[in-house]
Amino acid sequence: MKRLLSGNEAIAWGAWEAGVRVASAYPGTPSTEILETLAPMPGVYAEWAPNEKVALDVAIGASYAGSRAMAVMKHVGLNVAADALFYASMTGSEAGLVIVSADDPFMHSSQNEQDNRHYAKFARVPCIEPSDSQEAKDLVAAAFEISERFDTPVLLRITTRLAHSSAPVEIKGERQDRWAGPPYYRIDTAKYVMVPGNARRRHHVIEQRIARLTEFAETFPYNRVEMGDTALGIVTNGVGYQYTREVFPTASILRLGMTYPIPSQLVRDFASRVKRLIVVEELDPFLEESIRLLGIPVEGKSIFPICGEFSPEVVRDSAIKAGLLPESTRIPTAMPDKGPLPGRPPILCPGCPHRGVFVVTSKLKLVVNGDIGCYTLGFLPPQAALHTCGCMGASIGQAHGVAKAGIQQRHVAVLGDSTFFHTGMPALLNVAYNQSNTITIILDNRTTAMTGHQENPATGITLQKQKTVAIEFEPLVRSMGIQRVHVVDSYNLKQVESALRDCLDSNEPAVIIARRECALLPEARKQWIPLQVDPEICNGCGLCFKVGCPAILQSGEVDEKTGRAKAQIDRLLCTGCEICAQVCARKAILFRHQVVESSGKS
């Protein structure tokens, strides 16, 4: 049976058919849909973990216990999970262990575009890369088999284009049942306890393992030679293979499904059969450098870009520029010239509860250390209310560091509820332990919003829709040593400002829990009441425009005295959060109860 599946959906199907029992992940684009697809399938335990290291530790534990297990994360998540990756490389496991890394060339939704093939080489674990959805499914099974055959974790690397594009996939619908019985835990301290004496022995084991994997790569069926015109030979991988086939239809191709370790002899043989050898690979010259280390002349990044995502157009244009293809092969764009699209910068959603907090921090002229989440968009004008953003959980540590550097200007750290669980908690512990006057604002919108409303430890629901304990922030942060704690409604600007002023007046660590559910959650949508502007009162002062809500527009009416455009509200976008009404000095924007009353009168 064939189904149209994205790469992410195909990986979930492949894992299920391969008999995976435990899967753990932290949501992050472009990998999120893998566990969302896998979670409802029978015979699988799937969970959202607080962060990627926890997810990988969970998968490692399950594989130690004899169950095939998988950890899933976006590329930067592997930075968080690196500690676990390296010890798992040393220990190996009892059953297959697969780590999916979804890299993001061009940074569609990421803060960098690191090439995680380096992690495979760094940790001495095999890296395999599918080129389409069918291979994404098939290579999961292959990854589990390699993991068990060579006693190693396997890194399955995909990229955004493969994760989110769809293609026909053959689905068996049958699940391997060799692990149908209860798992058995085998105690082997020499293998699984990495004290120095054991670890020294295991290091030799993994070096021997890499040597055996290099031999295996020579016959790995997904390392495939397609001979054509021998004037040009191309080594490629992943989705780059698809672009290569399209742009160089007659060239000879060595497609590598395993990019670490590479099959040395296969590469040598291929190189000897072509006159000119090039590499088509996104991001870093990983294969190019590996081939050059074999003493083989090869080109790559001298022709194709090192930054950004490839496409057939990028590959073709680069090849023409390098003289690999004639100018006549350039394909004119098929898109009609309709002029530029209207500008649509990323911005906080209408009704976003984070907006209220940023309105107040801007009013108080506070420097705000940001984090990864929806609230990152607060750095854009007109709010321009976020001043740093590095990685998950960095905001609190940065603000603490500023305070310890002796800067008198008070800094605020903001991060979301899910991010606080991810890596914010250790940073807040550090604030309490080492006593800085950092003010931390937990933007608790009751979900993991930016990746698509996934559950987290505060929501009381698991990935598989089971009711569970809902962690409460106030007692949690108090137990971590923070005594000054405020819980406020994010929509209530007076509450937010009062809490912030109280924290600023003190010189101790403080936490503000700014709570209001994401305006896009189903229950929140039921409460939407679009507000209205009274054009008789509005004088176009522009205060409401500064909150940066896309539902507030300039009307075509101009105030006679000020000469400024009056405001109007887009009823299709407005949720009725009342933040604009609170900042309106002339009371020209009606509050929710006024809208309801006026509608009753009419």
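Which residue in S11 is the bridge partner of glutamate 226? The partner is isoleucine 253. The structure is a predicted model. This briefing covers an open four-stranded sheet, helix H1 and the glycine that follows it, the strands that pair with S2, and the cysteines.

**Open sheet with S9, S11, S10 and S13**

- The four strands of this open sheet are arranged in the order S9-S11-S10-S13, and their pairing is mixed.
- Strand S9 (224-226) and strand S13 (276-280) form the edges, each pairing on one side only.
- On average, neighbouring strands of the sheet are turned by 20° against each other, direction ignored.
- Three bridges hold the antiparallel pairing of S9 with strand S11, which spans residues 251-256.
- The contact between glutamate 226 and isoleucine 253 in S11 is a bridge pair.

**Helix H1**

- Helix H1 covers residues 7-17 and is largely enclosed by the rest of the structure, because 10 of its 11 residues are buried.
- Among the buried residues of H1 are Trp13, Trp16, Ile11 and Glu17.
- Gly7, Asn8 and Gly14 also belong to the buried set of H1, as do Ala10, Ala12 and Ala15.
- Glycine 19 follows H1 and has a positive phi, near 90°.

**Strand S2 and its partners**

- In a regular strand, side chains alternate between the two faces of the sheet.
- In strand S2 (residues 22-25), Val22 and Ser24 point one way while Ala23 and Ala25 point the other way, and all are buried.
- S2 runs parallel to strand S3 (residues 45-48), and four bridges join the two.
- Within S3, tyrosine 45 stands opposite valine 22.
- Between S2 and S3 the chain passes through helix H2 (residues 33-38), a β-α-β crossover that is right-handed.
- S2 is also joined by four bridges to strand S4 (residues 69-74), again in parallel.
- Valine 22 has alanine 69 as its bridge partner in S4.

**Cysteines**

- A disulfide is a covalent bond between the sulfur atoms of two cysteines.
- A search of the whole structure finds zero disulfides.
- Cysteine 549 is in no disulfide, and the nearest cysteine sulfur, in cysteine 577, lies 6.0 Å away.
- Cysteine 549 is buried, at a relative accessible area of 14%.
- What separates cysteine 574 from a bond with cysteine 580? The sulfur of cysteine 580 is the closest cysteine sulfur to that of cysteine 574, but at 6.0 Å it is too far for a bond, since a disulfide requires sulfur atoms within 2.5 Å.
- Cysteine 574 is also buried, with a relative accessible area of 8%.

Definitions and conventions. Residues are numbered from 1 along each chain as its sequence is written. This is a predicted model: local features need pLDDT of at least 70, side-chain atom pairs count only at pLDDT 80 or more; totals for chains, interfaces and linings use all residues. Side-chain values use heavy atoms; hydrogens and water are left out. Two strands pair if DSSP finds at least two bridges between them. Axes are lines fitted to C-alpha atoms, for helices over the stretch in contact, and angles run from 0 to 180 degrees between N-to-C directions. Buried means under 20% relative accessible area, exposed over 50%, partly exposed in between (1.4 Å probe, protein chains only). A crossover is right-handed if, with the strands pointing away from the viewer, the path from the first strand over the helix to the second runs clockwise.
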